[in-house]
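Here are my notes on this one, jotted down while going through the model. Have a look at the structure first, then read on.

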Amino acid sequence: MSTPVTAVAPVVSPHAGEVVLGFGAAIDREIVWDAVVLGDLARHHGVGPDDLTAVGPIRTERDLVASVLGYLARGAGGERHVEGAEVIGAFCERFDGETSLGGTCVRAASAMARVGVPATVHLSFVDDDVLALLPPGAAHLVGENDAEYHPHLIVQYPSGARVVTDRLDLFAPRANRIIYVNDPANERIALSDGLVGAVASAEVVLVSGLNALRTDEDLQPRLRHVEAALAHADTDALVMYEDAGFHEPHLAEVVRRRLVPLVDVYSLSDEELAEVLGRPVDLLDADDVLAAVTEVAGRLQVGALVVHSRRWALAVADDARAAAALRPALRAGVVLATARYAHGGAATPTDVAGIRTALDRLAARHDGTDDVVGRLQQLAGGLVAVVPVPLVDVPTATTVGLGDTFVGGFLSECARSPELRRVVSRRAVGPS
């Protein structure tokens, strides 16, 4: 038996369709970056250059410190499983920080609420803290789940962050974030019996969060549940899959193989694009970008592939009409994600409007981004829509939840536009 949908006085944007966002949620512990504390820990544990490339299990605080420093040295972000929740807890105690509600579906819902589009989110667990942190107007689904949940560790480091020890001198080439989790509630998420009905009445559906599952035994029944729900999606509904860093990488291909035929839009970050390809992608080389997205779209056989990055967001589609239809959604995602980058979770409508104005003036970037956007549009012949990310200079950037916020902005436009959904949906009927 599952918990019924709970509604909280939605303030509905005019003409916005119903939205269902899955799956999971987490209490996030966002620590305040402190290079001194991290350097002290690195010295204490004797972390050296050879430890920074380790990709094995994270079992101890030493492993965790080495992992953080390895990401920083590469300017990279990612998500990793930690063997013991106590390791995360002890590490968090060494830093100041704040608590928030995380997970792609929840942060996307928060972004959508900001522009007046309510959503139903499918959680992995619910308690008073979760309910207090849910975005205004959100409803929720949750299955029966007695698995434990533990806070996620979120590490943000700024561009230029430096950590110096007797064995290391590390410099972050750009700002980024890393997520560390030990989360049985999401690893064994229970899906609600109400999911089928919710999807059947929705105009927009998001599938995400399956990257937390760690065994094929846990994954298979949940995939069957999701497949059954998507089979009831309306003919004009838009279904989107958001890729993520799988804690068990071999399961990523299992999920792709099963879900890609059922979704209309396959979305991922540039880092996840590189993981799928097995090689890095130069974001300022139009030929390399086009080759990468064309290869992945062809390999996955998706109707529309969306890639969001710190430079641009793009969609490559089967035909020019679909690509053109997705451009406003790309733009909406870029605007909200950039507002979060510049102003954090407290971004106001005025802040969002300022980012939108910067984009409208086409004065977004002066670092090669405008050139690659123009070149991509020239090369692709209408099959690719590209929107540059505005360049904003802020003393402290927010790097947590940018992809999730992009997804929320993107889907808010999809919810508002029946024509977009009709053009992009694989299930759509009638004249094209």
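Which element gives the largest share of the lining of the second largest pocket? Helix α4 does, with six residues. Keep in mind that this is a predicted model.

1. **The second largest pocket.** This pocket holds about 460 Å³ of space. Its lining counts 24 residues, and the closest to the centre are Arg107, Ser110, Arg114, Arg340 and Gly345. Two or more lining residues come from each of β5, α4 and α12 (320–343). If you care about the chemistry of the wall, the split is eleven nonpolar, eight polar and five charged residues.

2. **How α4 sits.** The helix that gives the pocket its largest share of lining also belongs to the sheet story. First the sheet: five strands make an open, mixed sheet, ordered β4-β11-β8-β3-β5. Its edges are β4 (78–81) and β5 (97–102), each of which pairs on one side only. On average, neighbouring strands are turned by 25 degrees against each other, direction ignored. Helix α4 (residues 104–114) packs on this sheet, where it touches β3 (26–31) and β5, and its direction makes about 90 degrees with that of β5.

3. **The β4 edge.** At the other edge of the sheet order, β4 pairs with β11 (residues 176–181) in the parallel sense, over four bridges. If you want a residue pair to look up there, Arg80 stands opposite Tyr180 in β11.

4. **Cavities.** Searching the whole structure turns up three cavities of 30 Å³ or more, and the largest has a volume of about 50 Å³. Elements that give two or more residues to the lining of this largest cavity are β2 (19–22), α7 (195–200), β12 (204–207) and α8 (216–230). Among the lining residues are Val20, Leu21, Phe23, Leu195, Val207 and Leu230. The wall divides into eleven nonpolar residues, one polar and no charged.

5. **Val306.** Buried or exposed, what is Val306? Val306 counts as buried, because its relative accessibility is 0%. This valine lies in strand β15 (residues 304–308). Leaving out residues up to four places away in sequence, Val306 touches Val265, Tyr266, Ser267, Leu268, Leu314, Ala315, Leu330, Phe406 and Phe410. Gly344 is 38 residues away along the chain from Val306, and the C-alpha atoms of the two are separated by 24 Å. Gly345, by contrast, belongs to the pocket of point 1, as one of the residues closest to its centre.

Conventions. Residues numbered from 1 in each chain as written. Predicted model: local features only at pLDDT ≥ 70, side-chain atom pairs only at ≥ 80, totals over all residues. Heavy atoms only, no water. 1 Å grid on protein atoms, 1.4 Å probe; cavity = no way out; pocket = protein on both sides within 12 Å on 5 of 7 lines; lining within 4 Å. Points joined across faces, edges and corners; volume = space filled by probe spheres on them. Nonpolar A, V, L, I, M, F, W, Y, C, P; charged D, E, K, R; others polar. Pairing = 2+ DSSP bridges. Axes fitted to C-alpha atoms, helices over the stretch in contact; angles between N-to-C directions. Contact = heavy atoms within 4.5 Å. Buried < 20%, exposed > 50% of the residue type's maximum accessible area, 1.4 Å probe, protein only.
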